[in-house]
Each structure stands twice: as structure tokens, then as C-alpha cells.
Amino acid sequence: MADQNESPEAQEMAAVQDPAAQKNAQLLALLHRLFGAETFTDVEEPYGLLTVTTTRERIHDIVAGLQQDQELQLNFLTTMCGMHFPDREGQELGMVYHLHSLTQNIRLRLKIFFPIADPVVPTLTDLYATANWMERETYDFYGIIFPGHPNLVRILNVDDMDYHPMRKEYALEDGTREDKTDLFFGR
């Protein structure tokens with residue numbers, strides 16, 4: 001997709017030259033028509049994959065609408081995972097959703113961000129059966145809570161763990177170790 005600051009003519013010319021960009025431009029136009037342009041921010045196309053950011057308050061309705069839309073048929077939740085950006089005040093935690101239409105060959109990435117003090121996101125288990133395991137994994141590793149989930153318990157870590165290991169709250173290495181030197185690790 002062309003730069004948002006370019007003229008509509010330049011964007012259209014770029015879309016004509018790149019079929020993936022043309023498909024993404026059509027998908028973005030459809031998203032704006034279905035949910036409103038103000039619903040989506042930070043529109044990007046890394047590696048040709050349309051990526052939009054929205055809010056957690058709208059995520060369930062958007063995903064439900066995309067799943068039920070007969071034109072898009074985004075009926076496969078490829079992946080859903082958590083993110084932790086400790087330097088982004090008020091948006092420390094986030095979720096990424098990858099939706100795929102097997103019949104239309106359309107892919108879409110949705111992102112949401114929210115404060116670490118309020119790690120609550122609506123469950124998608126009522127829309128996609130695959131969301132069950134992915135939400136449990138996200139809860140297990142990031143501590144994000146999904147109200148309405150049928151069995152939100154740890155799935156990979158031990159039950160008595162009192163922290164969430166994928167949060168960037170701990171040093172990557174033990175600074176007190178003396179059995180390795182930087183000489184051997186190229187640092």
C-alpha cells in the first residue's frame with residue numbers, strides 16, 4: 001500500500017503495479033465501509049500483509065463481523081498471541097490476531113494495545129474453537145485475562161507459578177554467573 005500522505009492518484013498507481021497492494025487497498029476500503037475509518041489506526045503492510053490497529057473494546061465485534069461477512073469469509077483464526085512492550089506507557093500489553101480466508105486467499109493482521117494494569121480482552125472462543133488454546137497460552141505467558149473463556153487456566157507452565165514468563169520484567173541473563181565469559185560468546 002502506498003504512503004497514506006500520497007495523493008489518491010499515486011496510491012492508485014502503486015496499487016495497479018502491485019497486485020498484493022491492490023488486494024490490500026480493497027480490503028482496507030471494505031474494512032472502512034463495514035466498521036468506519038476511525039476504527040482503525042496505524043495501517044501498515046509489512047511483507048504485503050495488511051496490518052491494522054484497533055481497540056480492545058471493538059475487537060470482538062470486528063472479528064465477528066469479518067468472520068460472518070460473505071465477501072471476505074475470514075473464517076480461520078491462524079494465530080493469536082500476546083505482546084509486551086514495557087516502554088510504551090499505557091499500552092504495555094497487546095494482542096495480535098491473524099485472520100485468513102481460505103476461499104478468498106485474504107490475510108489480515110489485527111492488533112490491539114492496552115495498559116498492563118488492566119490486562120482484560122474479550123474472548124473469541126465463541127467465534128473460533130482455536131481461540132481456546134491460544135487464549136490459555138496468552139494468559140499463561142502474558143497474564144492477559146479473557147472474561148467468558150470456558151477454562152482459563154495455565155496450559156504449559158506449572159499451576160503454582162506466580163508470574164508470567166514472557167513479560168519483559170526480568171534480566172535475560174544471570175549477571176552473577178561466573179562460569180561463562182564474554183570471550184566465548186562473541187560479546
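Read along the sequence, the pattern is α-α-β-β-α-β-β-β-α-α. That gives five helices and five strands in the protein. Keep in mind that this is a predicted model. The protein has 187 residues, and buried ones make up 39% of them. Now take contacts between residues at least 6 apart in sequence. Of these, 52% join residues at least 24 apart.

Let's start with the sheet. It is an open sheet of five strands. What is the order of the strands? It is S1-S2-S5-S4-S3, and the pairing is mixed. The edge strands are S1, residues 41–44, and S3. Each of these two pairs on one side only. Neighbouring strands are turned by 20 degrees against each other on average, ignoring direction.

Look at the S1 end. S1 and S2 run antiparallel, and two bridges join them. One pair to find on screen is Glu44 with its bridge partner in S2, Thr51. The two strands form a hairpin, with six residues between them. Tyr47 sits in that turn and has a positive phi of about 55 degrees.

Next, the helices on the sheet. H2 lies across S1, S2 and S5. It runs at about 55 degrees to S5. H3 also packs on the sheet, where it touches S2, S4 and S5. The direction of H3 makes about 165 degrees with that of S5.

Take H2 in detail. It has 17 residues. From first C-alpha to last it reaches 24 Å, close to the 24 Å expected at 1.5 Å a residue. At its start, a side-chain oxygen of Asp18 comes to within 3.2 Å of the backbone nitrogen of Ala20. After the helix comes Gly36, with a positive phi near 95 degrees. Which residues of H2 are buried? They are Ala21, Asn24, Leu27, Leu28, Leu30, Leu31 and Phe35. Here is a general point to hold against that list. An α-helix has 3.6 residues a turn, so residues three or four places apart point the same way.

Now H3. This helix has 13 residues and reaches 19 Å between its first and last C-alpha, close to the 18 Å expected at 1.5 Å a residue. Its buried residues are Arg56, Ile59, Ile62, Val63, Ala64 and Leu66. What do they pack against? They pack against H2, S4, S5 and strand S2, which covers 51–54.

On to the core. The largest nonpolar core has 36 residues. Those with the most contacts inside it are Leu66, Met95, Tyr97, Leu108 and Leu110. Several elements each supply at least two residues of this core: helices H2, H3 and H4, and strands S3, S4 and S5.

Pick one of these residues, Met95. Leave aside its neighbours within four places in sequence. Its contacts then include Met80, Met83, Leu110, Ile112, Phe114 and Val121. Thr138, Ile144 and Phe146 are also among them.

Last stop: helix H4 and the loop after it. Asp140 is found in H4. Is Asp140 buried or exposed? It is buried, because its relative accessible area is 0%, and the cut-off for buried is under 20%. A polar atom of its side chain lies 2.9 Å from the backbone nitrogen of Asn157. Not counting residues within four places in sequence, Asp140 is in contact with Arg154, Ile155, Leu156, Asn157, His164 and Pro165.

That brings us to Pro165. Where is Pro165 found? It is in the loop between H4 and helix H5, which spans 182–185. Pro165 is partly exposed, because its relative accessible area is 29%, and partly exposed means between 20% and 50%. Leaving out residues up to four places away, Pro165 touches Asp140, Phe141 and Asn157. Compare sequence with space here. Pro165 and Phe141 are 24 residues apart along the chain, and their C-alpha atoms are separated by 5.4 Å.

To finish, find three things on the structure. One is the sheet, in the order S1-S2-S5-S4-S3. Another is the core of 36 residues, with Met95 among those with the most contacts. Then find the contact between Asp140 and Pro165.

Definitions and conventions: Residues are numbered from 1 along each chain as its sequence is written. This is a predicted model: local features need pLDDT of at least 70, side-chain atom pairs count only at pLDDT 80 or more; totals for chains, interfaces and linings use all residues. Side-chain values use heavy atoms; hydrogens and water are left out. A nonpolar core is a set of buried Ala, Val, Leu, Ile, Met, Phe, Trp, Tyr and Cys residues joined through side-chain atoms within 4.5 Å. Buried means under 20% relative accessible area, exposed over 50%, partly exposed in between (1.4 Å probe, protein chains only). Helices (H or I, at least four residues) and strands (E, at least two) are DSSP runs, numbered from the N terminus. Contact means heavy atoms within 4.5 Å. The expected span of a helix is 1.5 Å times one less than its number of residues. Two strands pair if DSSP finds at least two bridges between them. Axes are lines fitted to C-alpha atoms, for helices over the stretch in contact, and angles run from 0 to 180 degrees between N-to-C directions. A polar contact is a pair of N or O atoms within 3.5 Å; within protein, one must be able to donate a hydrogen and the other to accept it, and residues adjacent in sequence count only if both atoms are side-chain atoms.
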